[in-house]
Amino acid sequence: MIVLGLIGRSDRTWSHDAAACLVVDGVMVGALEQERISGRRHAMGESADDAALALLTAHGLTPADVDAVGYAWGAPAEEDIRRLGSPLPGDVAVSPDHIAGVLPSLGDRLRSREVMFFDHHLCHAAQTYYMNPHATADVLVLDGSGGDCSTSLFHVRDGDFRLLERHAAKHSLGILYEAAAYYANMGWNAAGKLMGLASYAAPSGRRLMTFDSATGAFGFEPGSPMPARLTSEDGDEIAKAWLGMFEEQVFPYSGRSGNVFDYAGFAADVQLTLEELGLSLAERLHRLSGADQLLLSGGVALNAHMNRRIAEAGWYRGVAGTVAPHDGGTAVGAAMLTAATLGEPVRPWSTEAGLPVMLGPAPGPLPAGLVADLGAAAVRTEPDKVRSEAVDVLARGGVVAWFDGPAEFGPRALGARSLLADPSRRETLDRINRIKGRAPWRPAALSMTAEGFTGLGLAEPLPGLSEYMLCAHPVAERGRRAAAAGVHVDGTTRAQLVPSGTSFGLLLDEFGATTGAAPALINTSLNTRGEPMVLYADQAVALMKECPEVDLLVTPEYLVRR
């Protein structure tokens, strides 16, 4: 059975993070975000047609081969919706009348025009459940808003999803955090910036919102106007309520300062609030269920400091996320739930299959015309020589565009579409920041092997988090000196544990062996400001043309030099 899972609609302007997932005979074989093809960050108001077609083509399939389509959002409340009476939380709705919004350019070419609609948070839960190897687990979904809710607590056993508790959108952790980033003049979709800024000040100790793990009730600091203002479940209205509260209550932080560091203390308070909320919700879930394993999903699960505190709290033996906890990842959940609903045997990801990370299509041929236009030379090179040449450039302080095989799914560069640099050199980080248009105060992430964790004195990797850059790791003093450009002002790094034996892992090993340093490199996504990560080889060459500070483009078979 061929199944497509989707998120994103062209007939909904608020729709974002459009993505597609392809499942064949109960096994996820590919996933891709629409923005990688359309070139528009977050794919606002887009369907995932292009992503779906790219995945089908990569696997030798056509739209006519698709047996079923699942969508990661509840169905509109219309009379034409058919309810299946499924035991899944939120039921399952089916309609043939929404294919034009879900797949406008492909819908007429499918075997069936029917679309299965699933609860959005259920899709978040299914995504992390089926991308991890645990038959039994609790799942904590922390989102901006997903229909009529913002937080959901699930327990899953052998594919049976039970919704234990759900909390309304007005108590959204994600909206609180995004509104705070906007108030700090960082814009919307700037949660990562706020998390980085929070490390530049000590929190005052105030909690903008609280959660009681014993009673399951949200609360606010004494005298807060928020209980009276949070009367709507609309995300925009909730954000407006928080912005009004900030303007009145968080003195001396003004929403009109032009100096980002004026908001550092405010950011620290918001970050502390988020961490405490996440901890209390995880404790609440453990009280309700008592499972040994916790899985995280939803956009808030990208907060690396919160994740570490939850993992270290001790309620669960293991805490894990995935490569794509954000809304794009729900396409995976929709595909797997559709297959399961139609009777296909589906199961959690097998550890023998490696990490479910590089899920995009193949990179495509290197465009000779673009390379020539760049005034560069593309030299076909054996893999061992490719790594040696890349290490030589990195060791001399150069910046390498690492473009290797199928693309990562999700928002993190994990060794397929990366800009790399030596973490011992501040000047190379400055070069990367100029390429990316990033503020120099923002933290850089480190990718390293297990030997790199030991060599730099990092805290132990946390399985299920560290592989996906979902955890902030404290760094020992020797590591702060040796990899100063990759360690943030608070002495942590959002480190990626790179599996040994992979192409990226071999590069790290060779860098360490050649330089005598720890096998670790600064790793940031292969894109420029405002653009999504590149997907195909022509996009990588175009980026190199745009950015003269990129010294070398490395592909599996070619080295491209200026």
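Begin with the contact map of the whole chain: among contacts between residues at least 6 apart in sequence, 70% join residues at least 24 apart. The model is predicted. With the full chain displayed, the secondary structure amounts to 18 helices and 24 strands. The radius of gyration is 23 Å, close to the 24 Å that the globule rule gives for 562 residues, so the chain is as compact as a globular protein of that length. Along the principal axes, the C-alpha atoms fill a box of roughly 60 × 60 × 45 Å. Switch on the surface: its accessible area comes to about 20600 Å², and 50% of this belongs to carbon and sulfur atoms. Of the 562 residues, 59% count as buried.

**Strand 1 and its partners**

Select residues 2-7, which form strand 1; 6 of its 6 residues are buried. Ile2, Leu4 and Leu6 point one way, whereas Val3, Gly5 and Ile7 point the other way. Add residues 19-24, strand 2, which runs antiparallel to strand 1 and is joined to it by 6 bridges. Within this pair, Leu4 stands opposite Leu22. Next add residues 68-71, strand 4, which pairs with strand 1 in the parallel sense over 4 bridges. Here Val3 stands opposite Ala68.

**The nonpolar cores**

In soluble globular proteins, nonpolar side chains tend to be buried together. Which residues have the most contacts inside the largest nonpolar core? Select Leu103, Phe161, Trp242 and Phe246, which hold that place in a core of 138 residues. Helix 9, residues 264-288, gives the most to this core, with 10 residues. Centre the view on Phe246: not counting residues up to four places away in sequence, Phe246 touches Leu176, Ala179, Ala180, Tyr183, Leu208 and Phe266. Another core lies apart from the largest one and has 37 residues, among them Met448, Ala483, Leu497 and Cys547.

**The eight-stranded sheet**

Now display the open sheet of 8 strands, ordered 15-24-23-16-17-22-18-21, with mixed pairing. Strand 15 (377-380) and strand 21 (496-497) stand at the edges, each with a single partner strand, so one side of each is left without a neighbour in the sheet. Further in, select residues 400-403 and 552-554: these are strand 16 and strand 23, which run parallel and are joined by 3 bridges. Trp402 has Val554 of strand 23 as its bridge partner. Finally, select residues 503-515, helix 17, which packs on the sheet and touches strands 16, 17, 18, 21 and 22. The direction of helix 17 makes about 140° with that of strand 22 (520-525).

Methods
Residues numbered from 1 in each chain as written. Predicted model: local features only at pLDDT ≥ 70, side-chain atom pairs only at ≥ 80, totals over all residues. Heavy atoms only, no water. Pairing = 2+ DSSP bridges. Helix = DSSP H or I, 4+ residues; strand = E, 2+ residues; numbered from the N terminus. Contact = heavy atoms within 4.5 Å. Axes fitted to C-alpha atoms, helices over the stretch in contact; angles between N-to-C directions. Rg over C-alpha atoms; globule rule 2.2 N^0.38 Å. Buried < 20%, exposed > 50% of the residue type's maximum accessible area, 1.4 Å probe, protein only. Areas by Shrake-Rupley, 256 points an atom, 1.4 Å probe, with all protein chains shown as cover. Core = buried A, V, L, I, M, F, W, Y, C linked by side-chain atoms within 4.5 Å.
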